[in-house]
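Please walk through the structure shown here, beginning with the surroundings of the ligand and ending with the backbone of the loops.

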Amino acid sequence: MNLKLKIWRQPNKDSKGGMVNYSIEDVSPDMSFLEMMDMLNEQLIKSGDDPVAFDHDCREGICGMCSMFINGEAHGPDKLITTCQLHMRKFKDGDTIAIEPFRANSFPVIKDLAVDRSSFDRIQQAGGFISINTSGNTQDANAIPIDKHNADTAFDAATCIGCGACVATCKNASAMLFVSAKVSQYALLPQGKVEATDRVLNMVNQMDEEGFGNCTNTGACEVECPKGISLENIARLNREYIWATAKG
Ligand code: SF4
Ligand code: FES
């Protein structure tokens with residue numbers, strides 16, 4: 001396939017960026033999207049140009065790094081996948097593909113397509129963990145009966161990879177789907193209930209401090225989430241937050 005690419009180029013966070021046109025030839029439909037980007041970068045390096053900066057690590061849908069907005073959709077045209085799992089067979093010869101970074105005030109561009117998502121790290125650090133003493137006298141986890149539905153729902157919430165597609169897709173740049181997944185994975189389990197009040201208050205406060213927008217129930221986040229994180233988690237986050245506020 002021969003393709004035209006329109007890619008956001010921005011040298012650093014303070015500079016003004018813009019779309020730049022490229023052509024790429026002989027792209028195999030079996031290539032992944034990131035392999036196509038590698039091919040473009042080899043072409044740019046050979047011609048003495050600056051390669052396009054983009055994040056990636058696992059290249060198998062686990063790390064959440066490959067944040068690209070492709071033809072107006074987070075992670076491109078396929079559903080329930082990340083950019084690294086997208087294949088070029090989803091496009092056809094002669095197509096023009098627009099590639100932009102995940103855009104949100106709380107995700108400033110570092111360079112080109114790479115954005116700074118350390119705001120997510122700070123939200124996690126505010127409460128997305130269990131502080132339990134594991135120094136040799138902890139109870140066997142299997143000794144605590146857990147309702148199957150709750151266990152499955154907590155596991156589904158725990159599949160959030162922190163990619164930020166929900167934020168990039170939301171017209172308000174809300175991080176509610178991400179935060180709700182991180183709160184839900186503990187809220188449903190006995191291990192998470194001990195610190196539940198502090199967790200939800202601290203994580204929501206940090207989310208607000210980072211400047212993410214409000215949720216207006218549009219649902220775009222759920223549609224574009226590569227892990228299918230459900231909006232039910234946002235309803236649970238709201239319940240947990242109201243309960244914690246009333247207690248506090
Ligand atoms: S909720 Fe989905 S879209 Fe949002 S960070 Fe988690 S995996 Fe990514
Ligand atoms: S590179 Fe890890 S999820 Fe895409």
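**From the ligand shell to the loops**

Helix H5 gives three residues to the shell around ligand 1, the largest share of that shell. The model is a predicted one. Two elements give two or more residues to the shell around ligand 1: helix H4, residues 165–169, and helix H5, residues 176–187. In total 15 residues surround ligand 1, and those that come nearest are Cys 160, Cys 163, Ala 165, Cys 166 and Cys 225. Sorted by class, the shell around ligand 1 holds 11 nonpolar residues, three polar residues and one charged residue.

Helix H5 also packs against another helix. Two packed helices are described by the angle between their axes and the distance between the axes. The axes of H5 and helix H9, which covers residues 232–247, come within 8 Å and cross at roughly 70°. Angles of 65 to 115 degrees count as roughly perpendicular, so H5 is roughly perpendicular to H9. On the H5 side the contact is made by Met 176, Leu 177, Val 179, Ser 180, Ala 181, Val 183, Ser 184 and Ala 187. H9 contributes Asn 233, Ile 234, Arg 236, Leu 237 and Glu 240. The residues of this contact between H5 and H9 comprise eight nonpolar, three polar and two charged ones.

The next step is the protein chain as a whole. Its secondary structure consists of nine helices and seven strands. Along the principal axes, the C-alpha atoms fill a box of roughly 60 × 35 × 35 Å. Of the 248 residues in the protein chain, 36% are buried. Among contacts between residues at least 6 apart in sequence, 70% join residues at least 24 apart.

Two loop residues deserve a look at their backbone angles. Most residues other than glycine have a negative phi. Arg 59, which is not a glycine, has a positive phi near 55°. Arg 59 sits in the loop between helix H1 (33–46) and strand E3 (68–70). Arg 59 counts as partly exposed because it has 16 C-beta neighbours inside 10 Å.

Leu 80 likewise is not a glycine, and its phi is positive at about 60°. Its place is the loop between strand E4 (73–74) and strand E5 (96–101). Is Leu 80 buried or exposed? A residue is exposed if 12 or fewer other C-beta atoms lie within 10 Å of its own. Leu 80 has 12 C-beta neighbours inside 10 Å and therefore counts as exposed.

Key: Residues are numbered from 1 along each chain as its sequence is written. Chains are lettered from A and ligands numbered from 1 in the order in which they are written. This is a predicted model: local features need pLDDT of at least 70, side-chain atom pairs count only at pLDDT 80 or more; totals for chains, interfaces and linings use all residues. A residue is near a molecule or strand if its C-beta atom, placed from the backbone, lies within 6 Å of it. Helices (H or I, at least four residues) and strands (E, at least two) are DSSP runs, numbered from the N terminus. Ala, Val, Leu, Ile, Met, Phe, Trp, Tyr, Cys and Pro count as nonpolar, Asp, Glu, Lys and Arg as charged, and the others, Gly among them, as polar. Axes are lines fitted to C-alpha atoms, for helices over the stretch in contact, and angles run from 0 to 180 degrees between N-to-C directions. Angles under 35 degrees count as roughly parallel, over 145 as roughly antiparallel, 65 to 115 as roughly perpendicular and the rest as oblique. Two residues are in contact if their C-beta atoms, placed from the backbone, lie within 7 Å. A residue is buried if 20 or more other C-beta atoms lie within 10 Å of its own, exposed if 12 or fewer, and partly exposed in between; C-beta atoms are placed from the backbone.
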